[in-house]
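Here is a short structural report for the bench. Look over the sequence and the model first, then read on.

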Amino acid sequence: MENPSDIDPTLEPQYMMRLKSKCASLNDNTTLVEMDPGSFKTFDTDYFKLVSKRRGLFHSDGALLTDPFTRAYVQRHATGTFKDEFFADFAASMIKMGNANPLTGSQGEIRKKCSVVNH
């Protein structure tokens, strides 16, 4: 029996059915599904087209549509006409991530469950 809480209500229904047909169960951790079907071998803005149609593979993809600022950003780049802006934004974000100075060794930890500190 299907548990309604196992279904992301924000997903586009046909995309959800396609995902369900590919994955045998919620415990299936061997099936690979493309994050960006159609252009998964190319670094481009097509991802935004999918997210704007509620066909994002991850919960975080759908969450981009819940905030007015990020929703506008997704919709802007879904048009495909602002590629130079996207690539500049991406480059700037990589520099910021490179400057993040993550904790290493005994200073930090890799969480077993991201929402809970390891005990």
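The report goes from the overall fold to the core and then to single residues.

## Overall fold

This is a predicted model. The protein has 5 helices and 0 strands. Read from the N terminus, its elements run α-α-α-α-α. The radius of gyration is 17 Å, well over the 14 Å that the globule rule gives for 119 residues, so the protein is more spread out than a compact globule.

The C-alpha atoms fill a box of roughly 50 × 45 × 30 Å along the principal axes. Contacts also reach along the chain. Of the contacts with a separation of 6 or more, 37% are between residues 24 or more positions apart.

## Surface and charge

Buried residues make up 18% of the 119 residues. The accessible surface of the protein comes to about 9,400 Å². Carbon and sulfur atoms account for 59% of that surface.

The protein carries 15 positive and 15 negative charges. The mean positions of the two sets are 1 Å apart.

## The nonpolar core

Which residues make up the largest nonpolar core? There are 7 in all: Tyr47, Phe48, Val51, Leu65, Val74, Ala78 and Phe86. Two elements, H2 and helix H4 (68–78), give two or more residues to this core. H2 gives the most, with 3 residues. In soluble globular proteins, nonpolar side chains tend to be buried together.

Tyr47 belongs to this core. Leaving aside residues up to four places away in sequence, Tyr47 touches Met35, Asp36, Asp61 and Leu64. Two of these partners are aspartates, Asp36 and Asp61.

## A buried threonine in a loop

Threonine 45 lies in the loop between helix H1 (13–22) and helix H2 (46–52). Is this residue buried or exposed? Threonine 45 has a relative accessible area of 1%; the cut-off for buried is under 20%, so threonine 45 counts as buried.

What does threonine 45 touch, not counting residues up to four places away in sequence? Its contacts are His77, Gly80, Lys83 and Phe86. Phe86 is also a member of the largest nonpolar core.

## Exposed positions

Asparagine 27 is in the loop between H1 and H2, as is threonine 45. Asparagine 27 counts as exposed, at 71% relative accessibility. The cut-off for exposed is over 50%. Asparagine 27 and glycine 108 are 81 residues apart in sequence. In space, their C-alpha atoms are 29 Å apart.

Helix H5 (residues 83–98) holds methionine 97. Lysine 96 is found in helix H5 as well. Methionine 97 is exposed, with a relative accessible area of 59%. Lysine 96 is exposed too, with a relative accessible area of 65%.

How far apart are methionine 97 and arginine 76, C-alpha to C-alpha? The distance in space is 23 Å, and the separation in sequence is 21 residues. Lysine 96 and phenylalanine 86 are 10 residues apart in sequence and 15 Å apart in space, again C-alpha to C-alpha. Phenylalanine 86 is the core residue that threonine 45 touches.

How values were computed:
Residues are numbered from 1 along each chain as its sequence is written. This is a predicted model: local features need pLDDT of at least 70, side-chain atom pairs count only at pLDDT 80 or more; totals for chains, interfaces and linings use all residues. Side-chain values use heavy atoms; hydrogens and water are left out. Helices (H or I, at least four residues) and strands (E, at least two) are DSSP runs, numbered from the N terminus. The radius of gyration is taken over C-alpha atoms; the globule rule is 2.2 Å times the number of residues to the power 0.38. Buried means under 20% relative accessible area, exposed over 50%, partly exposed in between (1.4 Å probe, protein chains only). Contact means heavy atoms within 4.5 Å. Accessible areas come from the Shrake-Rupley method with a 1.4 Å probe; for residues, only the protein chains shown count as cover. Lys and Arg count as positive and Asp and Glu as negative; His and the chain ends are not counted. The place of a charge is taken as NZ of Lys, CZ of Arg, CG of Asp or CD of Glu. A nonpolar core is a set of buried Ala, Val, Leu, Ile, Met, Phe, Trp, Tyr and Cys residues joined through side-chain atoms within 4.5 Å.
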